[in-house]
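Visitor: I'm new to this one, so could you take me on a close look at a single part? I'd like to hear about one chain and the place where its neighbour meets it.

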Amino acid sequence: MTKAFERPKALADVQQHYCPGCTHGIIHRLVAEAMDCLDINGKTVGVAPVGCAVFAYNYFNCDMQQAAHGRAPAVATGVKRVHPDNIVFTYQGDGDLAAIGTAEMIHAAARGENITIIFVNNAIYGMTGGQMAPTTLAGQVTQTTPYGRNTQTQGYPISVCEILATIEGVAYLERVSVDNVKNIRGAKKAIEKAFRYQKEDKGFTLIEILSTCPTNWGLTPLESLDWLRDNMMPHYPLGIFKDKGEDKA
Amino acid sequence: MSEKLLMKGNEAISEAAIQAGCRYFFGYPITPQNEIPAYMSKRMPKVNGLYLQAESEVSAINMVYGAAGAGARVMTSSSSPGISLKQEGISYIAGSELPCVIVNIVRGGPGLGGIQPAQSDYFQSVKGGGHGDYKLVVLVPSSVQEAVDMTIEAFDIADMYRMPVMILGDGLLGQMMEPVVFKSYEPRQILEKTWGTTGTEGKRKPNIINSLYIDPKDLEDKNIERFERYKYIEKNEVQVEVVDCEDVDIVLIAYGTMARVVKSAMKIAREQGYKVGVIRPLTVWPFPTEAICKVARTAKAFLTIEMSMGQMVEDVKLAVNGQKPVYFYGRTGGMVPTPNDIVEEIKKISGGEKL
């Protein structure tokens, strides 16, 4: 009998703490599958953020460091510079990466730091109870934008891939989604490609993954997927924003 | 290298770090420590090491965290406002039990303060600085030679106890040139860093570098365990110089470059017939409480001299524990007390003028 489906080796056999319907579970699995696929589990060092994925250090079967809020790219830089042959990734949410960690993100990119950032964008701070994030859409209701995000007073959402695309040190940037099977498969391919680029020393890679937060959006898991498609995708279009190419080293 | 070299304090500290096997330096410019990143950027590539200029002190200390967690000997340096920015990272490094060396070439504060030498970061260095229950070993050199010796030792101390060690200097020490010798030294016995994130290579369970303990009992246990180690350090790592404190009336206490001025003052005061001695802490955490307490039995009074509004004096008072009066004299903002200023204070105390 052949086994058609099993837990990826890089995914720890422990119960995760994520809310029902949250897409972090899918994304963890995709990262682990990509590690299995490239057989880099024993060489990988992950950096967990502050936010919903704070316990990610327990969920991957590889060495992990937990970083202060927003500082994961700096921590990853430290790890990578000591062990350039390791595959080093950070796993960060929108608040972590695009608010408090903006400087660390941009300068890691500017240095062409040979790391991979898995950026989970669900347009809200999840762990702290659903506050406005840097990626919260105009008009979106959150705990701290109870009347909807007013761009006059609360500013505009930040588009990470579009910003980073202007930076020379970036090797690969793609925005993907995990709202349906086709997109999940695309997300996996993108993560794999980012890790492969890192293995080939191509430079900084970031995969932005549109994700849901049913708990803080106040929607069911299925409604959340619709909300992602109807609201996030038009503002955050999927696609490749930069790709230095497979062959160029 | 064993010949005598004339070096600036900041450069000597940098070379000492390299001699101690440090191959990773993450920095950010700030006066008066700029010679350290400058030296490192020149020297590190020659020894297959890394100098990296971060986008901020916040980022630099988090690079230190990552590199230390990956098992490297790593250093960063800054001056007061920059050290304030590093406090978040220092707390995480202490909480995650990582070794590293942090150099603070102190300038006047608070805020942007000034760029002249000061000792007003004592509280920040010794009492925590960042959030949570933790300590740093804080070494306070008073000469360029001592800065070299202490920097080398700092890496061993950091590795031995898996904790951050701070070299607390000041603008004077960083900027002045003195002859130094890089002596060969006997390294301490240090356990292999089996805990580092080097990649499992499929041969062991994953290593996790972390300071999060969501169960309060676990966090308390971790803190208690850390403080047990601190007790051991307090017993074994205190360094102090006690100069002629038998049968004296007034004991002068100072650290770092201030202690050199104080020794000159002691000489002048003795020539004028005052019976004074000097206690100079070489470590301010662990603090030489015992040495001070012992002298307090025979001395009549203590005078703490600092380039601050009075910070270490609180630890001196705790050490003296009410046995004898403890006086304070300090200048701040980059002003440095002269030997004569100190002699005047000694006269006031002797004459009963000073409360």
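Guide: Happy to. Let's start inside chain B: among its contacts with a separation of 6 or more, 79% are between residues 24 or more positions apart. Keep in mind that this is a predicted model. Chain B holds 12 helices and 15 strands, and of its 355 residues, 55% are buried. Its C-alpha atoms fill a box of roughly 75 × 50 × 40 Å along the principal axes. As for the radius of gyration, chain B has 21 Å, which agrees with the value near 20 Å that a compact globule of 355 residues would have.

Now for the place where the chains meet. Chain B brings 33 residues to the contact, and chain A brings 29 residues. On the chain A side, the elements that give two or more residues are strand 1 (44-48), strand 2 (63-66), helix 2 (72-82) and helix 4 (102-110). Helix 2 of chain A gives the most to that side, with 8 residues. Sort the chain A residues that touch chain B by type, and you get 13 nonpolar, 11 polar and 5 charged.

One more detail is worth a look here. Strand 2 of chain A pairs with strand 9 of chain B, residues 208-209, in the parallel sense and over 2 bridges. To find the spot, look for Gln65(A): standing opposite this residue is Ile209(B), in strand 9 of chain B. So that you can place it, strand 2 of chain A is also among the elements listed above for the side that touches chain B.

Definitions and conventions:
Residues are numbered from 1 along each chain as its sequence is written. Chains are lettered from A and ligands numbered from 1 in the order in which they are written. This is a predicted model: local features need pLDDT of at least 70, side-chain atom pairs count only at pLDDT 80 or more; totals for chains, interfaces and linings use all residues. Two residues are in contact if their C-beta atoms, placed from the backbone, lie within 7 Å. Helices (H or I, at least four residues) and strands (E, at least two) are DSSP runs, numbered from the N terminus. Ala, Val, Leu, Ile, Met, Phe, Trp, Tyr, Cys and Pro count as nonpolar, Asp, Glu, Lys and Arg as charged, and the others, Gly among them, as polar. Two strands pair if DSSP finds at least two bridges between them. The radius of gyration is taken over C-alpha atoms; the globule rule is 2.2 Å times the number of residues to the power 0.38. A residue is buried if 20 or more other C-beta atoms lie within 10 Å of its own, exposed if 12 or fewer, and partly exposed in between; C-beta atoms are placed from the backbone.
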